[in-house]
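Hi there,

Here is the structure I promised to pass on. Have a look at it first, and then read my notes below.

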Amino acid sequence: MWAKIKRASVENELLYLFLHSPVAMVATLIAVLCIAGALLAPWLAPSNPYDLASFDLMDSMVPPAWADNGDERFALGTDDQGRDLLSAILYGTRLSLMVGVFSVAFAAVLGVSIGLMAGYIGGRFDTIMMRIADIQLSLPAILTALLIDGVARGILPQQRHDELMLIVLTVAIGLSLWVNFARTARASTFVERNKEYVQAAEIMGMHPLRIMLVQILPNIMGPILVILTVDLAVAILLEATLSYLGVGVPPNQPSLGTLIRIGTEYLFSGDWWIVLFPSATLITLIISVNVLGDFLRDALNPRLR
Amino acid sequence: MNQPLLNITNLTVKFPTRFGEFTAIDDVSLTIQPGEIHGLVGESGAGKSTIGAAIIGLLQSPGYIANGHVQLMDVDLRKLSPADYHRLRGNRISMIFQDPQTSLNPLLTIADQLVETIQQHTPMSDSDARDHAIQLLDETGIPNPACRIDSYPHQFSGGMRQRVVIALALCTNPELIIADEPTTALDVAVQKQILQLIQQLASQRKVGFLLITHDIGVIAEITHRVTVLRNGRVMEAGETAQVLGAPTHEYTQALMAAVPRLNTKLDRFHNIVKDDPSAEEEDEWDVPGASAQFASDWLLGKRNTESKTDVPSTHPILEVNNLDVIFYSNQPSWFRKRTGFQALNNISFKAEQGKTLGVVGESGSGKSTLAKAIVGLVDPATGTLSFDGEALPPGSKRSRQHPSRRRIQMVFQDPYSSLNNRRSVEAILTEPLKLYGHGGRNLDSRKLAASVLDLVEMPQRSLTKYPHQFSGGQRQRIAVARALIAQPEFLICDEPTSALDVSIQAQMLNLLKDLQTEFGLSILFISHNLAVVRQMADTVVVLKDGEMVEYAESETFFTSPQAEYSQLLLNETPSLALLE
């Protein structure tokens, strides 16, 4: 069957390159494992970290199962509140991925629409949008996210805020990432809009919206797809950073960032496992997504082929 | 007998691909004597450039020479080490590339580039090298070389730049120069000068030239001997006059028949080159009921219902009056007065119904701007357009629903960018139908699209494919089909064949002529190639720097041109007159 896939894929450049790149295949495998683990957390995890009754303070700071004093109930040990670390990581990855995917999707939709319009319409609209992008770019992503989070805290009452925390976080991260999409989409649109097929559509009297969405958009998807993967890693990292700083997800919901924050407090007292395992998960996830993004960039760039 | 300068015997070049090995050059032999200009002619994909690269040792990876000998005087080039080869390149073999815009480094002055090359190969002082460089520029016909040597490449025109490239190739006094399409990017007047320069260098310096080109006119003009290639094989070789004048091989005969002549007008090209027999056979795939006849009935049916009277209208289909187009620099400022570039100046002409109007001129003369002003991509500054007796509003005031959007269609120059690569041929062809709401709901758009493809002699199966699966000529047919499906009355063709090989060009011109006779299409045919315009046009407009120099009946223009510029243009076009 493998041979059959290979033969069929000779037609498909991307699949062919993929099947000949062990690095990309390993990265995909790891990413898929991470995502599957995150999605299936409720069924895979030994305990539910959201259920306060399921853990006991007596079990706090238990080292991993194979270490001295380890407990076989907790494969990767427990944290300061007696939560099973493996379960917390599985649920945490789920949260981190969710925030990452939604914020990147938000950034992509916003950025690509602005970029397409700026590139196609040009003129004053383009100038204004790109100046806004410049301003956005001069603010560090974390600062943008902190600002939005701070504003949200100011406006919303405490309880509402905790409920809406995830949405606020997604919007905050999305807003700090849209510029990348907008710039790339605009630059590619500039190239495409001068091609003769766009002129042909204009001569026929096609509606500008249709020209942008049906004619140009499919032709600029290549570079955007690449940014999508790279920025997914950035978004996950940003979420971890914000949670680490304590302005991200609420502390009773474990994300990779909050786990690492809790872990660092105990790092110097020799309780290394709390910080190590969430960090390792985060690094593996981000490297695999980044490698995938790099692979896509090379595979979709005809000049590097 | 004296030793040939270059002796290639049984050269075979292969490219390993993941589909198996591809033989790019198959058993090619040729010799070049000192002072000889040897033409290498063939259509795209024939392997012309690959031979050049194999000689100079710069075959693109993963290509390799599988068999044969390449001998330069006493040196067997295939036995050279990479380091020795590097020394030989430039020293004994030089190369001239197609595009003078990109073959010079834009950040270095001419002096820097020449002096560096000279010193690379022969140790000499800076001032000696500079003197030598000035002398070379003088030899290649750069006026006032002592002064011009300190200019940057962008300060030269295209033709001058190509002269500098030739001077660069001469730096080291090479024995052989490989010129890969040296005049393809140049206008005819400049082309003529460069060709004369090459001729002069060959006879005075006894340099051997391998002139790679697809232009048979250029070959006929200056080469001594010629080798005709097709699919990496030699079809015919020998004295130029004999090979081109009395070709013996079937392919050469067909090729010569496809070359448009400047001095005669053919109604149709005959003896067209047949498609490569090795091309894969496609299984039959038809849309039920689709046929060329169906498409042609559909196109004619529209015509008949529209013109209620049988009397052909007397007024011209398109009238252009005193048209001016001015381009402003796109940085508007409150403090500066806008300065503009006059792209078209006071152009007036009439295009007759069912006839072809040819627009000729060199690059930058405003040919494409004229087309864009008519279709509404560019707004004229002053002047009026009228189409079929009604005023045609300028582009920015022309609504998307304006009927002229359907009645005037355009075929673009570059078939690679005029079709959207991400859409299937069916989507491309049915788009105009949706847009113009043709035929209402009971029209089977798929059947019609397949029929129109049949009409332009493309297999119906093409519907399911994407543009990148087709060659340039096939793409151009699809572009014509897209224009036809709008049921136009006026077709604007902007250099429709300049990206195509001669045999494909002949097929394309035949197709346009057939469509015109069958459907009474009026055509505006833009081209820089006078020989092609001669075959197509009934009336000719000559543009120079945005001004109309001549406007005459085609026959009158080609037999007795009035304007001085027209005479010049006609004289400088390479012709096959030599052979007749």
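How many helices and strands are there in chain A? Chain A has 12 helices and zero strands. If you walk along its sequence, the pattern reads α-α-α-α-α-α-α-α-α-α-α-α. Before you go further, keep in mind that this is a predicted model.

**Chain A**

The C-alpha atoms of chain A fit a box of roughly 75 × 60 × 30 Å along the principal axes. Chain A has 305 residues, and 47% of them are buried. Take the contacts in chain A with a separation of 6 or more: 69% of these involve residues 24 or more positions apart. Chain A exposes about 15000 Å², with 68% of that coming from carbon and sulfur atoms. As for charge, chain A carries 19 positive and 25 negative charges, and the mean positions of the two sets lie 15 Å apart.

**Chain B as a whole**

Chain B has both kinds of element: 20 helices and 20 strands. Why does its radius of gyration agree with that of a compact globule? For 580 residues, a compact globule would come out near 25 Å, and chain B has 26 Å, so the two agree. Its C-alpha atoms fill a box of roughly 80 × 65 × 45 Å along the principal axes.

Of the 580 residues in chain B, 52% are buried. Looking at contacts in chain B between residues at least 6 apart in sequence, you'll find that 70% join residues at least 24 apart. Chain B exposes about 26200 Å², and carbon and sulfur atoms supply 49% of it. Its 52 positive and 66 negative charges have mean positions 6 Å apart.

**A strand to follow: β19**

Now pick out strand β19 of chain B, residues 539–544. Is this strand largely enclosed or exposed? Five of its six residues are buried, so β19(B) is largely enclosed by the rest of the structure.

A bit of background for the pairings: strands of a sheet pair through backbone hydrogen bonds, and they can do so in a parallel or an antiparallel way. You can see both senses with β19(B). Strand β13 of chain B (residues 356–360) pairs with β19(B) in the parallel sense, over four bridges. Here L357(B) has T539(B) as its bridge partner. Strand β20 of chain B (residues 547–553) pairs with β19(B) in the antiparallel sense, over six bridges. T539(B) turns up again in this pairing, with E553(B) as its bridge partner in β20(B).

β19(B) and β20(B) form a hairpin with two residues between the strands, and D545(B) in that hairpin takes a positive phi near 50°.

**An open sheet**

Next, try to find the four strands of chain B that make an open sheet in the order β2-β1-β4-β5, with antiparallel pairing. Its edge strands are β2 (20–32) and β5 (75–76) of chain B, each of which pairs on one side only. Inside the sheet, β1 (residues 6–17) and β4 (residues 64–72) of chain B run antiparallel and are joined by seven bridges. One place to look is L6(B), which stands opposite L72(B) in β4(B).

**Some loop residues**

Most residues other than glycine have a negative phi. Which value does N173(B) have? Its phi is positive, about 55°, although N173(B) is not a glycine. N173(B) sits in the loop between α6 (158–170) and β7 (176–180) of chain B. Its relative accessibility is 51%, so N173(B) counts as exposed.

K206(B) also goes on the list, as a residue other than glycine with a positive phi, near 60°. You'll find K206(B) in the loop between α7 (188–205) and β8 (208–213) of chain B. K206(B) counts as exposed because its relative accessibility is 51%.

Last one: D388(B), in the loop between β14 (382–387) and β15 (390–392) of chain B. What does D388(B) contact, leaving aside neighbours within four places in sequence? The answer is H315(B), P316(B), I317(B), R407(B) and E489(B). If you'd like a distance to try in your viewer, D388(B) and V188(B) are 200 residues apart in sequence and 35 Å apart in space, C-alpha to C-alpha.

Have fun exploring!

Note on methods: Residues numbered from 1 in each chain as written. Chains lettered and ligands numbered in written order. Predicted model: local features only at pLDDT ≥ 70, side-chain atom pairs only at ≥ 80, totals over all residues. Heavy atoms only, no water. Rg over C-alpha atoms; globule rule 2.2 N^0.38 Å. Buried < 20%, exposed > 50% of the residue type's maximum accessible area, 1.4 Å probe, protein only. Contact = heavy atoms within 4.5 Å. Areas by Shrake-Rupley, 256 points an atom, 1.4 Å probe, with all protein chains shown as cover. Lys, Arg positive; Asp, Glu negative; His and termini not counted. Charge placed at Lys NZ, Arg CZ, Asp CG, Glu CD. Pairing = 2+ DSSP bridges.
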